[in-house]
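Thank you all for coming; I would like to take a few minutes to walk through one model, beginning with a single charged side chain and moving outward from there.

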Amino acid sequence: MTELKYLDVFGQRSTLRSFSKERHVSDSDLEAIISAASHAPTTGNMQLYSVVVTRDAAMKRRLAPLHFNQPTVEGCDVLLTVCADFNRFERWCECRDAVPGYRNFHSFVTALIDALIFTQQFVTLAELNGIGSCYLGTATYSAAGISEILGLPDRVVPVATLAVGYPADGYPAPSDRLPASAIIHRERYHEYTDSDIDAAFGDKEALADSLRFVAENGKSTLAQVFTDVRYPRELNEAISRTFYEHISEKGFV
């Protein structure tokens with residue numbers, strides 16, 4: 001087997017939710033990491049994303065309710081809102097006598113993919129330099145409100161928010177993950193048997209935290225915590241409607 005590098009770094013990574021109040025990420029360091037992350041793969045070299053940097057405490061307070069008042073929003077050193085952005089590229093086309101044709105759903109998906117690849121590249125580079133982060137999935141939950149506060153124009157949609165900073169007291173233990181055998185399909189996708197599911201999720205279900213979640217929520221399985229409490233159908237459908245309406249209003253549908 002080849003001697004692979006950095007497996008321990010990624011295998012032990014964790015989400016940071018407690019940030020230092022004494023040590024700050026400088027503007028120059030932040031810009032350097034963003035610049036390096038921008039060399040991530042991108043569709044047709046178009047770089048269909050933008051990053052809104054929020055340091056001001058008052059702005060964080062305005063954004064906090066849209067992120068369900070997660071403490072990391074106001075507690076982090078800097079908040080980054082990564083946006084799928086076709087506005088810049090479209091303006092370039094218009095300024096160069098080219099007729100853009102990007103006001104459609106596929107173009108949104110293209111920009112979404114670009115933005116998320118960039119986001120993860122930023123996270124990786126930041127962590128390798130001792131700077132932690134926390135993904136906030138609420139960016140798409142509250143896209144319209146975030147867009148209004150940040151002044152996002154048409155064809156610019158928030159798709160990911162990162163709370164960023166140096167750790168206050170080190171990093172927490174890494175979260176559990178499914179074994180590689182559960183996610184690898186060789187040559188063709190294979191359907192999961194009941195025994196495959198048992199092997200994939202058995203260790204996760206046996207964790208003390210998982211058992212506590214089940215008991216606290218009055219459920220009989222961990223899967224029910226996800227389907228009935230954390231991500232119920234009603235919530236998913238409501239967010240789907242509002243997010244689709246927002247990307248429509250932004251000119252992508």
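**A buried lysine and its surroundings**

Let me start with Lys250, which is buried yet has no salt bridge, the nearest side chain of opposite charge being that of Asp154, 5.0 Å away. By buried I mean under 20% relative accessible area, with exposed over 50% and partly exposed in between, using a 1.4 Å probe and protein chains only. A salt bridge here is a side-chain nitrogen of Lys or Arg within 4 Å of a carboxyl oxygen of Asp or Glu, and for charge, Lys and Arg count as positive, Asp and Glu as negative, with His and the chain ends not counted.

I should say at once that this is a predicted model, in which local features need pLDDT of at least 70 and side-chain atom pairs count only at pLDDT 80 or more, whereas totals for chains, interfaces and linings use all residues. Residues are numbered from 1 along each chain as its sequence is written, and side-chain values use heavy atoms, with hydrogens and water left out.

Lys250 sits in the segment after α13, where helices (H or I, at least four residues) and strands (E, at least two) are DSSP runs numbered from the N terminus. A polar atom of the Lys250 side chain lies 3.1 Å from the backbone oxygen of Pro153. Leaving aside neighbours within four places in sequence, and taking contact as heavy atoms within 4.5 Å, Lys250 touches Ser147, Leu152, Pro153, Asp154, Arg155, Val156 and Val157.

Val157 leads us to the interior, since it is among the residues with the most contacts inside the largest nonpolar core, which has 32 residues. Such a core is a set of buried Ala, Val, Leu, Ile, Met, Phe, Trp, Tyr and Cys residues joined through side-chain atoms within 4.5 Å. Helix α6 (105-128) and strand β4 (156-165) are among the elements that each supply at least two residues of this core, and α6 gives the most, with 7 residues. With the same sequence neighbours set aside, the contacts of Val157 include Cys83, Phe108, Phe243 and Lys250. A second, separate core of 17 residues includes Cys83.

What, then, of the cysteines? The structure holds 0 disulfides, a disulfide being a pair of cysteine sulfur atoms within 2.5 Å. Cys83 is buried, at 0% relative accessible area, and its sulfur is 16 Å from the closest cysteine sulfur, in Cys76, so the two are too far apart for a bond. Cys93 is likewise in no disulfide, with the nearest cysteine sulfur, that of Cys95, 9.4 Å away.

Conventions. Polar contact = N/O pair within 3.5 Å; in protein donor to acceptor, adjacent residues only side chain to side chain.
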